[in-house]
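Biologist: I'm new to this one, so could we go through it together? Please put it on the screen.

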Amino acid sequence: MDADEALRLIQDADQADLPVEDIACSSGDEVGDSDNDFISSDEEDRLNDDLFSDLEQIGSDSADDIAIPVPVAARGRGAGRGRGQAIVDFRAEDINDRLRKVRYLHDHLQAACKRLFIPGKCVSVDERMVKCKGRAPFTQYMPKKPVKWGFKVFAACDAQSSIVVNFEVYTGQQPGGENGLTHAVVMRLVSDVRAGSVIYTDNFYTSETLATSLRTKRISLVGTVRANRTGFPAVLRTNMKQFEKHAERGATRYVRNGDHLYQQWKDKRCVSMYSNIHQGHEHDTVTRNVKIDGAHQQMEVQRPMCIRDYNSSMGGVDTFDQLIETHRVLRKTKKYWKSLFLDKVDVCAVNAYRLFHLWQSQHPGVISRRCNLQHSDFRCNLIRQLSSIDEHAPPPKRSYRPVPVPQDVQVPVAQLHIPGVRKRKNCRNCTEVGNKQHQCVTYCPTCDVHLHITSDHDCYAAYHACHFP
């Protein structure tokens, strides 16, 4: 069945209030039994190649007349085939959705991250930036980030493997609820995290209200906390500057309120922590370089256990960003949706790379590839497999032969009036117009006359305009 017939059947189904699956079965094709339920393979290739140009038309005056099938790569194989193979009708898009141009891919990838990997006990929540300076109403400027201009993406990563398990693009329209945006974002990101897990956040998210909400799901919270947050002990807030200035390095103090532990530790600066799984008296020992009597010496100081666990588990999102930055497919563009689209390609590639290493470590000897496969080698193998290129095939040879010019448009070189340089003589144009004699080294080989080519004496253009009108 071709695309026009499929679109006609779907429009008839809309009027009759029938599901798409019933249409496919009624046309004589069983859903999922054919690789080409709606369109031929040639039509699929053409539509996939023109995906960018088709998406650019969203929101234009002619958008009402556009209807393209879902890309082949996004439809999935195996179990559930036949689902998602309906035609995407841009007329059904929500014009108030700021991610409508990438909404399908966003939701599809978000669901795949939740389905294909179950995180371990420790999950870190942080924001990352997608570089873009295009015009978009939800572009953010964050001066303390390596990427200062772009889109803010809230992400939850497994702390050990740095695999993204959930994400959410900030568009300025997310529902915040009575407890604020940060509370709602974390609750949505960890909605599928299993009970018994520990969430690690920075001071942008950490609050006693969030910890109480996570406790209802039997999830713990550890993170740095701001002194102006509700529930922060007043005794730690009032003299925090004096504690930072006069306390010795390694000094600690804490206040416990039920399960809520607030702890301050003096390292180079004062750090405030929140935890509902640690004890205030638990600590280990770390080595610091200090300057005593003008000489640098090593000194062992005590460190709270909540600080140790936070440092080892909070870097999941940052490590994921580092892997993306080494081999980013994102290129400079003013189309904001292209930046988001290409960033999702990076997310897929890095998640696949980390999943490959994790699976290989759990099943040694099953795959012949080496265990320390680099990110660049993994991407090269991924490109070969997606492009059906033999790994041992020689690289394609590039042809540097010039493209032949048709005979009817070829012009002899002698008629091109290309300027050249030779011994200095008087300018012909200056002599003809009666001006003072000027000498120059530039000349026209076709006309065999010397002519100026400068900003003050552009005699070359004036002479040819007069003699070759």
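Biologist: Let's start with L214: does it count as buried or exposed?
Modeller: First, a caution: this is a predicted model, where local features need pLDDT of at least 70 and side-chain atom pairs count only at pLDDT 80 or more, while totals for chains, interfaces and linings use all residues. Residues are numbered from 1 along each chain as its sequence is written, and side-chain values use heavy atoms, leaving out hydrogens and water. Buried means under 20% relative accessible area, exposed means over 50%, and partly exposed is in between (1.4 Å probe, protein chains only). L214 has 0% relative accessibility, so the verdict is buried.

Biologist: Which helix does L214 lie in?
Modeller: Helices here are DSSP runs of H or I with at least four residues, strands are E runs of at least two, and both are numbered from the N terminus. Residues 208-215 form one such helix. The home of L214 is α7.

Biologist: Leaving aside neighbours within four places in sequence, which residues is L214 in contact with?
Modeller: Contact means heavy atoms within 4.5 Å. Skipping those sequence neighbours, the list for L214 is M187, V190, I199, I219, S220 and L221.

Biologist: And what separation do the C-alpha atoms of L214 and V186 have?
Modeller: Along the chain, these two are 28 residues apart. In space, their C-alpha atoms are separated by 9.3 Å.

Biologist: How do α6 and α7 run relative to each other, roughly parallel or roughly antiparallel?
Modeller: α6 covers residues 181-189, and it packs on α7 at an angle of about 25° with the axes 10 Å apart. The axes are lines fitted to C-alpha atoms, for helices over the stretch in contact, and angles run from 0 to 180 degrees between N-to-C directions. Under 35 degrees counts as roughly parallel, over 145 as roughly antiparallel, 65 to 115 as roughly perpendicular, and the rest as oblique. The two helices are therefore roughly parallel.

Biologist: How many nonpolar residues does the contact of α6 with α7 have?
Modeller: From α6 come H183, V186 and M187, which meet T209, L210, S213 and L214 of α7. Ala, Val, Leu, Ile, Met, Phe, Trp, Tyr, Cys and Pro count as nonpolar, Asp, Glu, Lys and Arg as charged, and the others, Gly among them, as polar. Three residues are polar, none is charged, and the nonpolar count is four.

Biologist: How many of the nine residues of α6 are buried?
Modeller: The buried ones are T182, H183, A184, V185, V186, M187 and L189. Their cover includes β3 (122-131), β5 (149-158), β6 (164-169) and α7. α6 is largely enclosed by the rest of the structure, because its buried residues number seven.

Biologist: Moving on to T206, which residue's backbone oxygen does its side chain reach?
Modeller: T206 sits in the loop between β7 (198-201) and α7. With 0% relative accessibility, T206 counts as buried. Its side chain comes to 2.9 Å from the backbone oxygen of D202.

Biologist: Zooming out, what share of the protein chain do buried residues make up?
Modeller: The protein chain has 15 helices and 16 strands. Out of its 469 residues, the buried share is 41%.

Notes: Polar contact = N/O pair within 3.5 Å; in protein donor to acceptor, adjacent residues only side chain to side chain.
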